[in-house]
Structure formats: C-alpha cells, structure tokens
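Colleague: Could you pick one part of this model and walk me through it slowly? I'm new to this, so please explain the terms as you go.

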Amino acid sequence: MNRRADPTNLLCPVLDKGLYDEDCAELALELTAVDRLISGQCLVDHLQESTRRKRCRALVDLQDGNVQDPSESNNETLCYLSDVEESSECDDDRSADALIAAFGPDENESDERSNQIRDQMELRRKKLPRTSSASLRRVCLCNKERVSLASEDKTDAGRQEAFDSHNASQEYLDNHIRYAVVVRVVKVETIKGQTMFVLKVSDAETNMRWETKKTLKEMMLFYSHIEQISLVNAPVKKAFWGTLRGLRRFRLPKKLFAFRGSLNTQRRVAFDSFLRQTAALVAPAPLGPRRRKAVLLLQEFVGVPRHCDVIDRDGCTCFFLRNKLNASELVAKIFGAPEHNVTRVCQSFVLALTLKSLDDKHAFMPERKARTILSTVSRKMGEINTKMLKDDVLLGQLGVAHLERSEPDYDEFLDEVKHAVCGFVQERVLVPLEDHVHEALDTLTNWDDEIALKQKIEVLRTKPGSFFGVPPHIVAGSGSDWEDARRELRRVNEYALPLDKLKCLARAAGAIFQTCGSSCSSSSVDTTSLTSIEELDMVLRPSMTTDEFISVHLFVLVMSNMSQLLNTRKFLRVMCDPLNTTGELGYYLTTFEVAVDLLIRHADPQQPMLS
C-alpha cells in the first residue's frame with residue numbers, strides 16, 4: 001500500500017535551484033505571515049489567485065496570506081507594510097509633545113530651501129576649493145601590501161570573493177565582529193525523524209568555510225531573539241524598525257509564484273533570506289548597539305567564534321597623512337574619559353531621548369514626532385560641538401600647535417580638529433540613536449519618489465558624458481571613466497556618520513580632479529609616496545572650471561549607481577554640523593545636492609541635461 005507523502009518534506013527541485021537564482025523579488029512580509037510560516041502554515045495558500053492580482057505594492061494580506069507577484073508591478077518594493085494606524089491624530093500630537101517639552105520646540109527643517117535654482121547659480125559663481133585637506137583623502141600606505149598578500153593566499157579564487165581590507169569597517173574596527181560572513185540555508189534534511197536545516201557559512205576575510213545544522217526550534221528561537229533585540233526601547237510598536245527595518249524584507253525566488261513547494265522549502269527560503277539580511281547589518285560603519293547585538297548573535301549562532309579568531313587582527317593605521325599631532329587622538333585624549341562632562345552630557349541626552357520617545361501605541365512613527373527627533377538630535381550635537389571648541393584645554397593645545405607650525409599647516413590642523421570634534425560627538429550621540437534617526441528619516445522619506453528617481457537614473461546610465469554637458473576634451477582624458485570617483489560615491493552608504501559621508505563626497509571630487517588632468521597626473525605620481533600636505537595639494541589641485549566640474553560630477557554620480565540619493569541628501573541636510581557645511585566640505589555637499597536636484601527636475605530622459 002502506498003503511503004501518502006508528508007507534505008512538509010516534499011522536495012521541490014525547481015525551488016531548490018531557484019534559491020540560488022539571481023531572479024529574486026524583495027518583498028516586505030508582514031511579521032504575522034512569517035510567524036504563520038514558522039508555526040506550520042504555508043506562506044502562499046492561494047497562489048494561483050494571488051498571482052492574478054495586480055496591486056501597486058507587494059504586500060502579504062493579513063487575512064488570506066496572499067502574495068503579489070512583484071513582476072506585475074513596475075515599482076521595486078522597499079519597505080512597504082500594510083499596517084493601519086490604530087490611534088488618533090490627537091495621539092500623534094501627544095507623542096511629539098513629550099519630546100518638545102523635554103528638549104525644546106521643533107525648529108524649521110534645515111532642508112527646506114525656498115529656491116533650488118538660486119543654489120545652483122550660487123554654486124556656479126563660487127570658485128572651486130583647493131583640495132588641500134589631508135583628512136579628506138584616503139592615502140593608505142599598506143593597502144598595496146595587503147592586496148598582494150591577499151592575492152598570494154587565495155586558494156579558491158573561483159569560489160570565494162576577495163575581501164576588501166580597505167573598507168569603511170576598517171576605520172571603526174570591532175575585533176569581536178567579522179565583517180564578511182556569508183550564511184546560506186542550502187537544504188533541509190530529516191535525521192531520525194527530526195527536521196534539520198543545513199547552513200553553509202563562509203568568511204571571506206579568513207577564507208574559512210564550514211557547515212552547521214540547526215533544528216526548526218533553534219531557527220525559530222534565533223528569529224525570536226533578533227525580534228526581541230529590536231523591540232527594546234522602541235519608539236514604535238513594531239519589531240524590526242530603524243536600521244533593522246531591512247529584516248522585514250525577504251528575498252524570494254520568483255519561481256515561488258509558479259511552484260508552491262513544501263512547507264519546509266518555504267521555511268528554508270524565508271530563513272535563508274532572514275540570515276542573509278541579518279549578516280548584512282555589519283554595514284554601515286560604525287555599528288550601532290542594536291545592529292551590533294544582532295550581528296554578534298548571528299555569528300555565535302553559526303559558529304564564527306569557533307572557526308575564526310576574531311581577536312587576532314589589526315585595522316589599517318595609515319588611511320590619512322600623519323600630522324605631528326593627530327587631531328582625532330587629541331580630541332579623544334581631552335574629552336574621551338568616561339567621567340568627562342562632555343561624555344556624560346552625550347550619554348544623558350541619548351538616554352533622555354530614548355525614554356521620551358518610547359511608544360507602545362503606534363505601529364508607525366508620526367511625522368511630527370519624526371521631525372522633532374531629527375531636529376532635536378541635530379541641535380544637541382551642534383550645542384555640544386560649540387562647547388567643545390571653547391574648551392580651555394583644547395584651546396591651550398591649539399595655541400601650542402600654532403607656535404610649532406607654519407600658518408598653512410596650522411590652518412590645516414585646525415580644520416582637522418573641527419572635524420574630529422564633530423566626529424567625536426556623532427559617534428557618541430548619533431551612533432547610539434541611529435535607529436531612532438533612521439526610523440524618523442524613513443517616516444519622512446517619500447519612497448515612491450526614491451523609486452522613480454532610481455528608475456530615471458537607470459535610463460540616464462545609458463547616456464554618454466556629452467549628454468550631461470561634459471566637454472569632449474575632458475571625456476578624452478577621463479581614462480577609466482572616473483572609476484575612483486564612482487567608487488567613493490558608492491562608499492557613501494558604507495558609513496553611518498554624516499562627517500564620513502561628506503569626506504566620501506570630497507574624496508570623489510578629488511578623484512575627479514586627479515583624473516581630469518591635475519598638475520601632476522595620477523599615472524606619473526604615486527600618492528602613497530607623498531609625505532606632506534603641500535605635495536598632496538599639488539597633485540589634487542583643480543584644473544577645470546566650475547561649470548565643467550558640475551557636469552562631470554553629475555555624470556559620475558549617475559554612473560556610480562549610488563543608492564537612496566534622496567534619503568542620503570535629507571540625512572546630510574539635517575544632521576551635518578554648520579562647521580562642516582562651509583568651506584571645502586560644504587562646497588561638495590552643495591554640489592551633491594545640486595546634482596540630485598537636477599536629476600529630480602529633469603523631465604525628459606531623452607533630452608540632454610546640461611549643454
């Protein structure tokens with residue numbers, strides 16, 4: 001007699017193969033749907049009916065578990081959910097009133113600009129700044145050595161991606177974290193009547209690979225622990241908010257919409273996506289407290305400490321040219337002690353804002369509350385920066401440095417000290433509050449506009465440089481199509497702090513100048529051999545007009561395929577300290593904003609943008 005097969009263990013070769021296909025859709029699944037799947041209900045109960053529906057957003061229906069086929073929609077699903085607000089508008093006001101009462105009234109948003117065309121004209125009238133700030137250029141003396149050693153150690157180059165030792169995480173190295181761990185749920189096995197999920201883990205940094213097996217209970221427990229981490233001190237009544245919002249999105253093979261597969265197959269696909277998204281929380285750097293806890297939990301779960309020595313390594317120590325006294329070290333030495341008043345003020349503010357923003361009523365953050373959080377954090381960081389720059393000990397050290405240095409060298413060092421002060425405050429305020437800031441930004445961001453801009457850029461990336469107004473003589477001398485500049489723009493989102501993002505924009509500009517014909521071409525001068533700021537300045541001195549630079553920067557920005565331009569622009573506008581929005585960094589921030597504005601206003605992708 002034929003025994004009826006267990007539907008939870010039926011294999012689906014098509015879905016098994018689809019797990020590794022690039023043709024995947026990213027869907028925002030309701031947490032209740034994920035809970036149902038884990039507890040034993042199929043993710044798709046009425047697949048044929050759901051694939052016929054044409055809806056604007058890829059959502060999981062809470063009533064019947066239907067999933068929309070994202071191929072039917074032109075919009076990419078980012079983080080849409082189908083929650084319905086359960087509280088009134090009056091409740092929304094009260095949630096922001098507590099913050100205003102504690103930290104002061106909400107100021108006008110700094111990103112509101114009355115005339116964007118005026119900004120563009122003012123930028124055109126400005127002279128290009130001299131790229132002389134050594135703190136903006138990543139001049140790494142050990143990078144070539146690291147690359148050569150890595151190439152010698154590669155034994156499975158075809159299977160293992162090369163680890164980039166020259167990335168953002170190396171500037172904020174955490175010896176307890178591995179930054180290149182990849183986790184995949186490759187199959188489901190039944191061992192002695194128990195379902196086991198087989199995980200393959202690899203670490204590109206050490207070239208280590210191993211396999212581990214987890215029961216369904218262990219997988220469920222891991223998911224639950226990550227969920228609990230996200231719910232601690234949450235300003236919304238919703239798991240996976242802020243920087244953990246990406247854990248709501250699941251990469252599902254599109255073949256799932258044609259072949260239902262077994263329950264365990266669907267579980268494997270969901271768990272695989274969840275583990276991959278959790279591993280991706282290592283970026284941007286530095287890690288905030290919730291992301292760090294989630295990453296540490298994942299790496300413990302898959303056995304990273306047993307296979308990789310996470311302590312025995314050092315970060316790059318020569319990203320920047322060394323002054324006689326390093327500005328960051330000076331600021332940390334003066335203000336970094338736990339008992340210092342500045343450190344205590346930062347910690348007290350973080351705790352106060354966290355407690356005042358707690359909310360167990362709203363699934364979403366009200367817009368007024370979001371604006372209040374952003375304004376409050378930005379204003380407080382500015383206040384702390386101002387007090388630090390007036391500190392008697394710091395002023396005394398600057399006086400000594402002034403006597404020991406030439407005037408240009410001192411001006412350079414003073415700029416670095418101002419940047420170091422901003423970075424110090426951002427690390428101690430913005431990093432602990434990164435989830436609150438990201439949730440507020442997400443609330444205020446129009447994701448439809450973000451998607452529309454991305455689609456427009458996809459069309460514009462097929463256009464030549466002349467379409468953007470880049471002169472023929474600059475195109476002819478561009479060499480590798482400004483690859484160094486494009487790489488720096490893509491690295492903007494590798495960093496969490498506004499100051500680091502601004503430095504990426506400045507480094508991208510420096511790469512444009514160098515590629516487009518600096519006084520000493522990059523082919524004839526090795527920047528890693530430079531020993532003084534003056535030599536670096538000679539290499540990076542601009543050799544193009546302002547209009548030419550705007551055109552080239554616009555073209556490079558489009559070709560870089562940098563993600564979330566609108567969100568990044570808003571973040572920089574709100575969170576950048578006024579000290580960083582003047583001078584060289586401010587110029588390149590304005591250049592970036594103007595480029596984004598030009599992309600937004602350009603209505604016909606077939607018409608040239610600049611002539």
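Modeller: Let's start with Val 185, which sits across from Leu 199 in strand E3. A strand, E for short, is a DSSP run of at least two residues, counted from the N terminus. Keep in mind that this is a predicted model: local features need pLDDT of at least 70, side-chain atom pairs count only at pLDDT 80 or more, and totals for chains, interfaces and linings use all residues. Residues are numbered from 1 along each chain as its sequence is written, and side-chain values use heavy atoms, leaving out hydrogens and water.

Now for the neighbours. E2 covers residues 181-191 and E3 covers residues 194-203, and the two pair in the antiparallel sense over 10 bridges; pairing needs at least two bridges found by DSSP. Two residues separate E2 from E3 in a hairpin, and Lys 192 in that turn has a positive phi of about 55°.

Follow the chain onward and E3 also pairs with E4 (residues 208-215), again antiparallel, over eight bridges. Here Phe 197 faces Lys 214 in E4. The E3 and E4 hairpin has four residues in between, and its turn holds Asn 207, with a positive phi of about 60°.

One handy thing while you look: in a regular strand, side chains alternate between the two faces of the sheet. So to sum up, E3 pairs with E2 and with E4, and a hairpin turn joins each pair: Lys 192 is in one and Asn 207 in the other.
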